[in-house]
Amino acid sequence: MDEHRHSAHIDEDSPLTYWQNMEISVRELLVDKGVTTPGEITATIEAMDRRTPANGARMVARAWVDDDFRKRLLVDASAAMEEMGLDPAGLRLIAVENTRDIHNVIVCTLCSCYPRNLLGLPPDWYKQRAYRSRLVKSPRATLREFGLEIPDDVKVRVHDSTADMRYIVIPARPDRTQGLTESELAGLVTRDSMIGVALANEPSDER
């Protein structure tokens, strides 16, 4: 269920595809057999739609301000999710931290495995073969295409997600953020920075 977004209804006027017909048939069969109800299906879809990068950003911001939480996050990220009231859905989550010496970036070389509970739906480029293959072979050049230049003295580590193991990058905390609240810090954390193809945003000069 995590890898495919299902819809309880079809809004398009075009003919249904084979897989859309299959989804409708299986869903109706499950309802007829009493395995689930239309209300439960709708609630599940709504819960999936509520998943956004804001969940991951909250967790990163907490790690920036609470060193004990950061240590727990790096040891067992799934438990840290639960500590923040987020559901890891039985998956093993691994947090990797960017430092002055190491830059981490995430990929799924086989398909599009992704921490959706924390980051919402994956961007289209994350699922494309070009990203999945080139990042492994030429990580610095690929990151450069995202506008991210990694210095030569910083090691780039590429982490490959799997069906039962996902990663999240803890980006380095930007400078000039000492006076920001945890909520304000979370606003600097972007989806791309938690994948590793960007840095966290710098604070506005207007604050």
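Patches are made of residues with over 30% relative accessible area and no salt bridge, nonpolar side chains being joined within 5 Å. In this predicted model, one such nonpolar surface patch is made by Tyr-18, Trp-19, Met-22, Val-26, Leu-30 and Val-35, and covers about 640 Å². Trp-19, a member of the patch, is found in helix α1, which spans residues 18–32. Its relative accessibility is 65%, and exposed means over 50%, so Trp-19 counts as exposed.

The interior offers a counterpart to look at. In soluble globular proteins, nonpolar side chains tend to be buried together. Here the largest nonpolar core holds 48 residues, and those touching the most other members are Met-59, Leu-73, Leu-118, Tyr-126, Tyr-131, Leu-143 and Ile-195. Helix α3 (residues 53–65) gives the most to this core, contributing six residues.

Tyr-126 deserves a friendly second glance. Apart from neighbours within four places in sequence, Tyr-126 is in contact with residues including Ile-106, Val-107, Cys-108, Cys-111, Tyr-114 and Ser-161. Its contacts also include Tyr-131, Arg-132 and Ile-195.

Two of these partners lead on to helix α8 (residues 129–137), where Tyr-131, Arg-132 and Leu-135 are buried. These three cover an arc of only 100° around the axis, and therefore lie on the same side of α8. On the other side of the helix, Arg-129 and Lys-137 are exposed. The buried residues of α8 are covered by elements that include the strands β2 (102–107) and β3 (155–160), together with the helices α7 (124–127), α9 (139–145) and α11 (191–195).

Definitions and conventions:
Residues are numbered from 1 along each chain as its sequence is written. This is a predicted model: local features need pLDDT of at least 70, side-chain atom pairs count only at pLDDT 80 or more; totals for chains, interfaces and linings use all residues. Side-chain values use heavy atoms; hydrogens and water are left out. Patches are made of residues with over 30% relative accessible area and no salt bridge: like charges are joined within 9 Å, nonpolar side chains (Val, Leu, Ile, Met, Phe, Trp, Tyr) within 5 Å. Accessible areas come from the Shrake-Rupley method with a 1.4 Å probe; for residues, only the protein chains shown count as cover. A salt bridge is a side-chain nitrogen of Lys or Arg within 4 Å of a carboxyl oxygen of Asp or Glu. Helices (H or I, at least four residues) and strands (E, at least two) are DSSP runs, numbered from the N terminus. Buried means under 20% relative accessible area, exposed over 50%, partly exposed in between (1.4 Å probe, protein chains only). A nonpolar core is a set of buried Ala, Val, Leu, Ile, Met, Phe, Trp, Tyr and Cys residues joined through side-chain atoms within 4.5 Å. Contact means heavy atoms within 4.5 Å. The arc is that of the directions from the helix axis to the C-beta atoms.
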